[in-house]
Amino acid sequence: MSDNPISLSRYLIEQERRHGHIPGSLRLLIEQVARACKRISRAVSKGASSGILGSAGSENVQGEVQKQLDVIANDVLLEANEWGGHLAAMASEELEQIYPVPHRYPRGEYLLLFDPLDGSSNIEVNVTIGTIFSVLHLADGVRDVGAEHFLQAGRDQVAAGYCTYGPQTTLVLTLGHGVAVFTLDSEQGSFVLTQEGLRIPESTREFSINMSNMRHWAPPVQRYVDECLQGRNGPRGKDFNMRWVGSMVADVHRILMRGGVFLYPWDRREPDRAGKLRLLYEANPMAMLVEQAGGMATAGTERILDIQPQNLHQRAAVMLGSREEVALLQRYHAEAQ
Ligand SMILES: O=P(O)(O)OC[C@H]1O[C@](O)(COP(=O)(O)O)[C@@H](O)[C@@H]1O
Ligand SMILES: [Mg+2]
Ligand SMILES: [Mg+2]
């Protein structure tokens with residue numbers, strides 16, 4: 001790391017003042033989210049020693065068993081952001097309803113959405129997990145904020161990012177002008193800029209999917225993966241490698257760092273569900289980051305960022321990463337129609 005590292009705060013101030021990319025209130029909001037992520041990172045790193053592992057004994061709105069860390073991370077994000085004066089309301093994967101900023105605090109013009117703890121099944125096994133977030137602008141003149149104000153297409157996000165809690169704590173952020181990566185210097189307690197203008201390689205030899213579901217996928221996804229598996233003797237003419245961490249945040253981080261394609265497609269076991277991942281808390285922020293890094297993100301035939309959400313906890317099929325692969329997947333879906 002250089003002698004004079006650029007902190008997240010300085011980076012954001014430059015985005016605000018020098019480049020005019022963001023208003024001051026958005027800068028302060030991002031700083032607050034980053035502070036919450038540092039607190040979650042500390043909680044995660046304590047692990048079993050602090051007795052915070054294991055089930056919380058409750059279920060979230062999706063009917064999934066909540067882990068203690070899911071609940072802790074959710075509370076940290078709510079508490080850290082409710083009083084800052086930059087937000088009107090928050091929505092979380094762990095909450096059935098939106099969380100309007102309490103009346104005793106000043107209200108701002110933004111909406112914050114998050115998956116407080118992504119990769120919950122990896123908590124106990126000490127594998128990378130993370131927090132994913134998205135920021136929307138509240139329409140002018142709205143006095144009573146409701147769930148309907150969160151139902152904006154992903155292309156309207158004003159910022160998106162995630163924080164990984166792994167060997168390093170890394171914050172990856174876009175404000176709509178490229179992607180920047182910050183690494184937590186745990187001695188200083190601050191995020192420092194470690195990469196700017198991130199680009200996902202257009203070609204790749206690596207795909208990421210839960211292969212155990214292969215028999216349930218739709219034909220275009222089966223065709224794509226089958227051709228990858230045929231390697232250099234098949235139609236793709238090259239050998240592929242496969243990786244699946246099982247935390248979207250870690251799988252997408254790898255793709256942003258070295259290329260690849262990530263898929264969590266529709267499957268026939270639950271035909272009425274578009275996919276497993278959540279559009280507002282997972283698919284949209286990751287799609288914005290990937291597109292900002294020169295990659296692509298599709299639900300099959302539709303660009304993820306163009307999907308008009310119908311409800312807060314809507315699911316989506318997700319295929320994102322290196323352009324060549326995502327374009328091919330899109331072609332296979334179009335041909336199958
Ligand atoms: O266990 P599976 O079916 O492979 O699913 C893994 C996927 O589920 C998720 O864990 C869902 O996220 P949560 O932990 O926030 O519920 C993704 O991070 C990951 O890509
Ligand atoms: Mg998740
Ligand atoms: Mg989660």
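Here are some notes to help you find your way around this predicted model.

1. **Ground rules.** Residues are numbered from 1 along each chain as its sequence is written, while chains are lettered from A and ligands numbered from 1 in the order in which they are written. Because the model is predicted, local features need pLDDT of at least 70 and side-chain atom pairs count only at pLDDT 80 or more, whereas totals for chains, interfaces and linings use all residues.

2. **Two domains.** A good place to start is the split of the chain into domain 1 (8-196) and domain 2 (206-336), with bounds that come from an automatic or database domain assignment. Their C-alpha centres lie 24 Å apart.

3. **Where the domains meet.** Here 35 residues of domain 1 are in contact with 29 residues of domain 2 (contact: C-beta atoms, placed from the backbone, within 7 Å). On the domain 1 side, strand 5, strand 6, strand 7 (159-165) and strand 8 each supply at least two residues, and strand 6 gives the largest share, five residues. That side of domain 1 divides into 16 nonpolar, 15 polar and four charged residues. In this scheme Ala, Val, Leu, Ile, Met, Phe, Trp, Tyr, Cys and Pro count as nonpolar, Asp, Glu, Lys and Arg as charged, and the others, Gly among them, as polar.

4. **The eight-stranded sheet.** This open sheet has the order 4-3-5-6-7-8-9-10, with mixed pairing; its edge strands, strand 4 (99-100) and strand 10 (190-196), each pair on one side only. Helices (H or I, at least four residues) and strands (E, at least two) are DSSP runs, numbered from the N terminus, and two strands pair if DSSP finds at least two bridges between them. Strand 3 (residues 87-92) runs antiparallel to strand 4 and is joined to it by two bridges, with Ala89 opposite Pro100 in strand 4. Helix 3 (residues 68-82) packs on the sheet, touching strand 3, strand 4, strand 5 (110-118) and strand 6 (129-137), and its direction makes about 155° with that of strand 5. Axes are lines fitted to C-alpha atoms, for helices over the stretch in contact, and angles run from 0 to 180 degrees between N-to-C directions. Helix 1 (residues 8-17) lies across strand 8 (169-174), strand 9 (179-185) and strand 10, at about 60° to strand 10.

5. **The five-stranded sheet.** A second open sheet follows the order 12-11-13-17-15, again with mixed pairing, and has strand 12 (241-242) and strand 15 (296-298) at its edges. Four bridges link the antiparallel strand 13 (residues 261-264) and strand 17 (residues 318-321); Val261 faces Gly321 in strand 17. Helix 7 (residues 323-336) packs on this sheet, touching strand 13, strand 15 and strand 17, at about 25° to strand 15.

6. **The ligand.** Do look at ligand 1: both domain 1 and domain 2 give residues to its shell, so ligand 1 lies between them. Among the surrounding residues are Glu93, Asp115, Asp118, Asn210, Met248 and Tyr264, each with its C-beta atom, placed from the backbone, within 6 Å of the ligand. The shell divides into two nonpolar, six polar and three charged residues.

How values were computed
Contact = placed C-beta atoms within 7 Å.
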